[in-house]
Amino acid sequence: MPEPVPADKPEGQDELPTDGESGSTELTGLFVEKPSEYIAAVAGMDLTIIAKVDSTTLTRKPTMKWLKGKWLDLGSKAGKHMQFKETYDRNTKIYTYEMKIIKAKVGDAGGYRCEVTAKDKCDSSSFEISVEAAQEEAQADIFSTFKRADAGEDDGNLDFSALLKAAKKKKVKEEPEIDVWELLKSAHPSEYEKIAFEYGITDLRGMLKRLKKMKVVEPKHSEAFLKRLDSCYSVEKGKKIVLRCEVMDPDVQVKWLKNGQEIKPSAKYIMEAVGNVRTLTINRATLADDAAYECVVGEDKCFTEVFVKEPPVTITKLMDDYHVVVGERVEFELEVSEEGAHVMWYFEDIELLKDKDSVKYRFKKDGRKHTLVILEATLDDIGMYHAWTNGGHTKGELEVEEKQLEVLQDIADLTVRATDQALFKCEVSDDKVTGKWFKDGVEVLPTERIKMTHIGRFHRLLIEDVKPEDAGDYTFIPDGYALSISAKLNFLEIKVDYVPRQDPPKIHLDTTGNMVSQNTIIVVAGNKLRLDVEITGEPAPTVVWSKGDKAITDTEGRMRVEARKDLSCFVIEGAEREDEGNYTICVTNPAGEDKAMLFVKIVDVPDPPENVRCTSVGEDCASILWDPPVFDGGAPLKGYLMERKKKGSSRWTKLNFDVYASSEYEAKRMIEGVMYEMRVFAINSIGMSQPSLTSKPFMPIAATSEPIRLTVHDVTDNTCTLKWQAPEKIGAGGLDGYIIEYCKEGDTEWVVANQELCERQGYVVRGLPVGEKINFRVVAVNIAGKSPPAVLGQPVTIREIMEYPKIRLPRELRTKYIRKVGDKINLTIPFQGKPRPIATWYKDGKPIDPAMVNVRNSNVDSILFIREAEREHSGTYELVLQIENMEDRASLVLRVVDKPGPPLNMKVTDVWGFNAALEWDPPKDDGNCEIIGYTIQKADMKTKDWFTVYEHNRRTNCTASDLIMGNEYMFRVYSENLCGLSDEARLSKNTATIVKTGIELKRNPYKEKENLCVPKFTQPLVDRSVVAGYSTAISCSVKGFPKPKIVWMKNKMIIGQDPKFLMRNNQGVLTLNIRKPGTFDGGKYSCMAVNELGADEVECKLDVRVATDPDKK
């Protein structure tokens, strides 16, 4: 394999690691080492990325996620190509996380992110991986990446369109090195192909990509947008997002595009325009909204990209474990939180794909339900099956056992006579099993007289017209199983002997078959009992069957008696437990009688076990106990079978295939934190009982590990303060609290110190005897019980140690402590000393006034508190710490400062040119701190607008320059200290006038213009003809100064205050309104304007006509 070639690095960049491991960088947060920002890898080589996390400040174990791109969780991709590893160093408390890429491919290139979370803390690191093709040799020139690996010295001429035809091989001459990238940067794009041809660059696409990165594109100034859209937006699925930009013209119309298509306003897309702001609101974002968006104003555009983050798909129903036999169908089923979610199935570390394993596996989706189907399970399928989503993981175990065949009904022995029919029948557990019949070891073949049938689970052998040679041992052997079922066929031969005329009756019992003793017959409940008893006697005897004292006379029904020649048949169909008992057969004839006693024992499957319960649990195990069944079925119990399932599931998993003899069982390989239920079957020689009642749900949970770092924090005459840290391993049961116990040295009885669980990691044990040596231990408690105890290495002597009082004054209080008026002062002074010292505060040598200052003392510190600081709180405060005749003192100086008062005696001392000299005295009240400067302002007497001349002027005088000639100025000054400027300013007692020198203004004499004018009408009155009853108006205009007096006349008669007439004068426009004139209002109207210079008059004729009705015409 070729050695990896280091990637070319641009000028000015650091070399990137190429050995497969990432470099480390300094950072803040949870990471103490994280991957480099850029990592170069070689195709076909392994790559390892390392990140380290410091857990010293964490209360729980951190969780690491490796992500690619935006949201792809690489944990679901774990397998042969990508592996993850986690290690922990107990000494340094550092977790090391590794991501290893086996034989890196080009598809592995891209952006990655590692993200670590621990309760309320989070930290992440992003890095980029680039994968380059392996090369035979490392090229020294900077553009070797783009040449063929097999190119010789003269193989630079390639087929670039027409250039190939004109190119001829030339000898390579030694030429000075030319920076081809500088040449490309300055060249026109049309020259790129020619330059690449000349310098032997064959990878044009790679060259253009690198050239694009090297070119710095100047940002284009936008004339349409004040503020463009952000480069990208991120939103969770189902949430709302607002895209916002600002345009230059508040009245301009904009268009919004999505992937180049215009967006129309709707309930989902809301477009708003408020002033210069343009917004696009996307409601209930879906994955379809993950696209590129544009805002278009005329020819200008701004772009952004919206990323829709899909919420993690969680698994709501976990997978069940399966325990099956070879050939059975297996269905691993789970439910996820959302429909259409992607679920990845794995067998151990191998991903199961539909197209690859479709022959053996089936994948089903039904809404939120996902199912992995294994059509026929084999022994190779044993293992753990995993299902991954982007937000969850579940697993289920498959156990496959060899198929075992059970005999549900055995073959019964038969005794038949000649020409009768013999039927052997058996039942097995699998209806697909075939088999063969044998007689005395020889296979039985079907004939016209011998027939063999197989219907479901039943196998039958029928022999018609039984002959003596048919007697023998018959065996049924299932195919593929080491199992045989045997029975015997007895032939009853009829012998003809000489019999005397009278023969006493005789009962001939067959002691073979179900006879386990001379008078006991065992029958399986549900089976048929047929007892054929041979009877002899002459004349034919009378047969009576009875159970106890009750005779059985029925010839039909479930229990009956059948009479045949020389035989008496007793039949019980479907034997029941009540049929068990002593049966008597009595035969009588004139020659005598005979009796026989039989005991029929009915055996059945046992009752189910009782009181199944969980007695204890562990991390992945549980102890189960149950009571034996009340009735064992009449046969000794062989043992039990156990099954378990997860609560809420309907799938039961067998825990054992072999019979388990004890009534106590430890179930293992369980998942911690999951609720389980158990049931038990009892087994005897007849079969298996019904299942027991389901146990109460239980959860495998382990107790925590012991608390760590148990130490003694403090000891007094009757108390001991202990501190410790949480256990390293807590588990799914969580942590409820702690129990603290103690005992005297030499004793074995531990005393519980706390009545209730202590939730903190520290406790003060009280009421201890003085001078005794006491041992302490701490136990963590959760739902699973108590953890192992954390014990102190040696006993503690309960005696307080005298310690001198010592005040530890904070560094910031060792100098003057300055605060502003109104501030809150809260000073904490830590100290030490045993027994508890007495702390006393003094101000300026006197005890402090509780009405002004609050003091609170504890065992380890004293707090001085002032709610709102005032000037009178300033002074020297002293803390005195006393233990008996020992003491320690510490003092601090508190200064409460305020704004200063205004300066005094401000005045203008001199004025020259454009300058004025100012002086003042310091303020009477400096605010309890140093004056750090003055602010001087000026204002001219015309506008009285104030402008600052100087700020932070430290002296009490200054010169105001650049004053304007001809203006008069007044001045004011503010004093300044740490709190700021004084609230009031001091005005100058006098002003400064900047006089003009050597310039005199000569004014021209002013001649007033005469505006006198004789009245003159500029617009005369006009003759009018109006209709009677309709209001009208006549108007004219006049000029004159002084303003002339206006007189209206009708027929040379002055119109007075007649309400019919309304006279108006608006800027010389004269109007006479006549309200509803009649015929008598017609005539000559005149208007006269008169002033002291003369008069003018105009007149007109008004004709009033009566309106006529057109219909009357």
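User: How many salt bridges does the count come to in this model, and what makes R228 and D300 one of these pairs?

Analyst: The count comes to 43 salt bridges, in a model that is predicted. The closest N and O atoms of R228 and D300 are 3.4 Å apart, and because the rule asks for a side-chain nitrogen of Lys or Arg within 4 Å of a carboxyl oxygen of Asp or Glu, the pair R228 and D300 is called a salt bridge.

User: Which parts of the chain does the pair of R228 and D300 tie together?

Analyst: R228 lies in the loop between strand 10 (225-227) and strand 11 (232-236), whereas D300 belongs to strand 18 (residues 300-309), so the pair ties together parts that are 72 residues apart in sequence.

User: Why is D300 called buried, and what is R228 called?

Analyst: D300 has 16% relative accessibility, and because buried means under 20%, D300 counts as buried. R228, with a relative accessible area of 31%, falls between the cut-offs of 20% and 50%, so R228 is called partly exposed.

User: What makes E333 and K317 a salt bridge, and where do the two residues lie?

Analyst: The closest N and O atoms of E333 and K317 are 3.6 Å apart, and because the limit is within 4 Å, the pair E333 and K317 counts as a salt bridge. E333 lies in strand 21 (residues 330-336) and K317 in strand 19 (residues 315-317), so this salt bridge ties together parts that are 16 residues apart in sequence.

User: How do you know that D925 and R871 meet in a salt bridge?

Analyst: The N to O distance between the side chains of D925 and R871 is 3.2 Å, and because a salt bridge needs a distance within 4 Å, the term applies to D925 and R871. D925 is in the loop between strand 72 (915-921) and strand 73, and R871 is in the loop between strand 68 (861-866) and strand 69 (875-883), so the pair ties together parts that are 54 residues apart in sequence.

User: Which residues are linked in a network of salt bridges?

Analyst: The network of salt bridges links K528, R530, D532, R560, E562 and E573.

User: What makes K806, R808, R811 and R814 a patch of positive charge, and why is R811 called exposed?

Analyst: Lys and Arg count as positive, and like charges are joined within 9 Å when the residues have over 30% relative accessible area and no salt bridge, so K806, R808, R811 and R814 are described as a patch of positive charge on the surface. R811 has 67% relative accessibility, and because exposed means over 50%, R811 counts as exposed. R811 is placed in the loop between strand 62 (803-807) and strand 63 (817-820).

User: Which residues gather in the patch of negative charge, and what is notable about the phi of D440?

Analyst: D410, D413, D440 and D473 gather in the patch of negative charge on the surface. D440, in the loop between strand 31 (435-439) and strand 32 (442-443), has a phi near 55°, a positive value in a residue other than glycine. Most residues other than glycine have a negative phi.

User: Why is S55 called buried, and what does the side chain of S55 reach?

Analyst: S55 has 10% relative accessibility, and because the cut-off for buried is under 20%, S55 counts as buried. The side chain of S55 reaches the backbone oxygen of K93 at 2.7 Å.

Notes: Residues numbered from 1 in each chain as written. Predicted model: local features only at pLDDT ≥ 70, side-chain atom pairs only at ≥ 80, totals over all residues. Heavy atoms only, no water. Patch = residues over 30% accessible without salt bridge, like charges linked within 9 Å, V, L, I, M, F, W, Y side chains within 5 Å. Areas by Shrake-Rupley, 256 points an atom, 1.4 Å probe, with all protein chains shown as cover. Charge placed at Lys NZ, Arg CZ, Asp CG, Glu CD. Helix = DSSP H or I, 4+ residues; strand = E, 2+ residues; numbered from the N terminus. Buried < 20%, exposed > 50% of the residue type's maximum accessible area, 1.4 Å probe, protein only. Polar contact = N/O pair within 3.5 Å; in protein donor to acceptor, adjacent residues only side chain to side chain.
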